[in-house]
Amino acid sequence: MSYKSVNPFDNELVRSFDEISDKELEQKLVQAAACYSEWKAKSYSDRAKIVNRAAALMHERVGELADIMTLEMGKRIGEAKAEVQFSSEILTYYANNAERFLADVPLHPSHGEGHMESSPIGVVFCVEPWNFPYYQLARVAGPHLMAGNTLVVKHASCVPQCAIAFEKLWLNAGAPPGLYTNLIISHEQSDNIIDDRRIKGVALTGSIEAGRVIAAAAGKNLKPSSMELGGSDAFIVLEDADMAQTIKWAVWGRMYNCGQTCCAAKRFIVVDGVADAFLAAFKVALGALVAGNPMDVQTTMGPLSSEAALVKLLAQVDDAVKHGARVELGGRRVDCPGAFMQPTILTHVEPGNPAFRDEFFGPVAMFFRVKDEAAAIALANDSDFGLGGSVFTKDVERGKRVASRVDTGMMFINNISWADADLPFGGIKDSGFGRELGDMGIQAFVNKKLVRYVVADAPV
Ligand code: NAP
């Protein structure tokens, strides 16, 4: 049984789940494909009725859904509730806007008339991570179901109860069987699903390693895919930044979700004139966080998602130090039961240190001192990742200039990468391809069909 709910606050096993058999998997695929043939013919308003009902149920069940999340992956309860609310809003956003986003687009060819229409493509397979157990699911369910596709979804093996609770929402919302199907399956079964002729598209949010495997399998089968992968976002501080606000954003940007966010601020790049002041204040603010029970609203720092995640992060820090990094703060596990990591700051991370190019998926900040704005941009771009990033300056025009020169999919001025239902989210380079959310998020798995009408004699 490889799907396990383990509470990272005390590392106790809560429940485990068997993977389904190949026969059960086949039944679920048959059902998803049969459902597609009906669902694709439904009007947007009929689809919206189900999606809006699921959104309303999420809203009603905030407490229950948040408790499951906090239990399974340790997110602080306040953040967990906010995630459930946001997930509900994403569903509502697509229920309200899908028809407009996918409306026919008139074309003006030199001869005759034409338009582009958007139609669903079939059953889409989604593979999702544990770090935002409901938001990641809503980010695919809202757009792709409203577009007329049906979904089969493999969630991460450490959040099976969240996965089951989300599927139940759809059933309780009156969704036809096969519209949204949770799959408790192995990686091998996942490979077989991508090969299956009934699957018409593949969406992954996860690590680079999973991205390479899943994008290759989709490519081999000539299936469209979207890849939302890791990141190591730069947090650039210029000499004219409002330091008090910047420190607050730095703490939130690194510590939100206990640092386990793809678009978290991970590399703090500070110009020389304010570097000492920034580092001193950042250290005090991070050092003030106290490990505690994530179910308690007063807790300022929860555990990581699992003991395995903690062990991996500690090994990364040790390796960075072996290669010359210095620990300015923290660096060890917290001395208590559970998967707690001290808030950590690493300095002197030079190119050649594996840490320089790695993603730290937890409360570990890398601090870099640079000469000036140009050096900050050069360092921000010296990364294999290209997800998001931020720049802090009182001069917004200067912030926009810097933002334009950083090679990422998203840049934020005087705040840090965060998602909104109506803004496109995604990256470039090793951070993947495609965009989720906003108008772009619904376009990934639709057929953009040209229809042309001309009155003309056939050429002889
Ligand atoms: P992960 O190990 O890649 O897991 C993500 C999902 O992929 C899980 O469901 C996992 O299933 C599955 N998976 C992994 N390898 C697979 C394979 N060979 N075949 C089929 N499924 C496979 O990633 P993670 O460590 O849980 O999540 C953190 C990563 O996701 C970070 O790099 C983070 O930056 C990235 N992320 C990106 C975004 C974004 O929008 N760009 C958002 C959130 C997270 P199992 O659990 O069964 O292995």
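Start by selecting Thr205 and Glu228: in β9, glutamate 228 is the bridge partner of threonine 205. Keep in mind as you go that this is a predicted model.

**Stop 1: the six-stranded sheet**

Now widen the selection to the two strands around that pair. Strand β8 (residues 199-205) and strand β9 (residues 225-228) are joined by four bridges and pair in the parallel sense. Both belong to an open sheet of six strands, ordered β7-β6-β5-β8-β9-β19, with mixed pairing. Colour β7 (180-183) and β19 (432-433) separately, as these are the edge strands, each pairing on one side only.

Next, bring in the helices. Select helix α8 (residues 208-220), which lies across β5, β8, β9 and β19 and runs at about 170° to β8. Then add α1, which lies across β5, β6, β7 and β8, at about 150° to β6.

**Stop 2: the largest nonpolar core**

In soluble globular proteins, nonpolar side chains tend to be buried together. Show side chains for Leu91, Tyr134, Leu151, Phe166, Trp170 and Phe425: these have the most contacts inside the largest nonpolar core, a set of 67 residues. Elements that each supply at least two residues of this core include α1 (22-39), α2 (44-60), β5 (123-127) and β6 (150-154). Which helix gives the largest share of the core? Select α4, which contributes eleven residues. The core also draws at least three residues from each of domain 1 (3-229 + 431-451) and domain 2 (233-413).

Zoom in on leucine 91. Leaving aside residues up to four places away in sequence, leucine 91 touches Val51, Ala54, Ala55, Met58, Ala138, Ala141, Gly142 and Trp170. Apart from this core lies another, of 57 residues, and Val237, Val317, Val364 and Ala380 are among them.

**Stop 3: strand β16 and its partners**

Select strand β16 (residues 389-392) and display its side chains. Gly389 and Val391 point one way, Ser390 and Phe392 point the other way, and all are buried.

Which strands pair with β16? Strand β10 (residues 233-237) does so in the parallel sense, over four bridges. To see one of the facing positions, pick isoleucine 236, which stands opposite valine 391 in β16. Strand β17 (residues 412-413) also runs parallel to β16, joined to it by two bridges. Here, phenylalanine 412 in β17 stands opposite serine 390. Add helix α14 (residues 396-405) to the view, and you have a right-handed β-α-β unit made of β16, α14 and β17.

**Stop 4: the three-stranded sheet**

Move on to β3, β4 and β20, which form an open sheet in the order β3-β4-β20 with antiparallel pairing. β3 (105-107) and β20 (446-453) each have a single partner strand, so one side of each is left without a neighbour in the sheet. Ignoring direction, neighbouring strands of this sheet are turned by 25° against each other on average. For a closer look, select β3 with strand β4 (residues 113-120): three bridges join this antiparallel pair. Within it, valine 105 stands opposite methionine 116 in β4.

**Stop 5: alanine 280**

Finish at alanine 280, in helix α10 (residues 272-287). Is alanine 280 buried or partly exposed? Its relative accessible area is 45%, so alanine 280 counts as partly exposed. Draw a distance from its C-alpha to that of glutamate 328: the two residues are 48 apart in sequence and 9.9 Å apart in space.

Conventions: Residues are numbered from 1 along each chain as its sequence is written. This is a predicted model: local features need pLDDT of at least 70, side-chain atom pairs count only at pLDDT 80 or more; totals for chains, interfaces and linings use all residues. Side-chain values use heavy atoms; hydrogens and water are left out. A nonpolar core is a set of buried Ala, Val, Leu, Ile, Met, Phe, Trp, Tyr and Cys residues joined through side-chain atoms within 4.5 Å. Buried means under 20% relative accessible area, exposed over 50%, partly exposed in between (1.4 Å probe, protein chains only). Domain bounds come from an automatic or database domain assignment. Contact means heavy atoms within 4.5 Å. Two strands pair if DSSP finds at least two bridges between them. Axes are lines fitted to C-alpha atoms, for helices over the stretch in contact, and angles run from 0 to 180 degrees between N-to-C directions. A crossover is right-handed if, with the strands pointing away from the viewer, the path from the first strand over the helix to the second runs clockwise.
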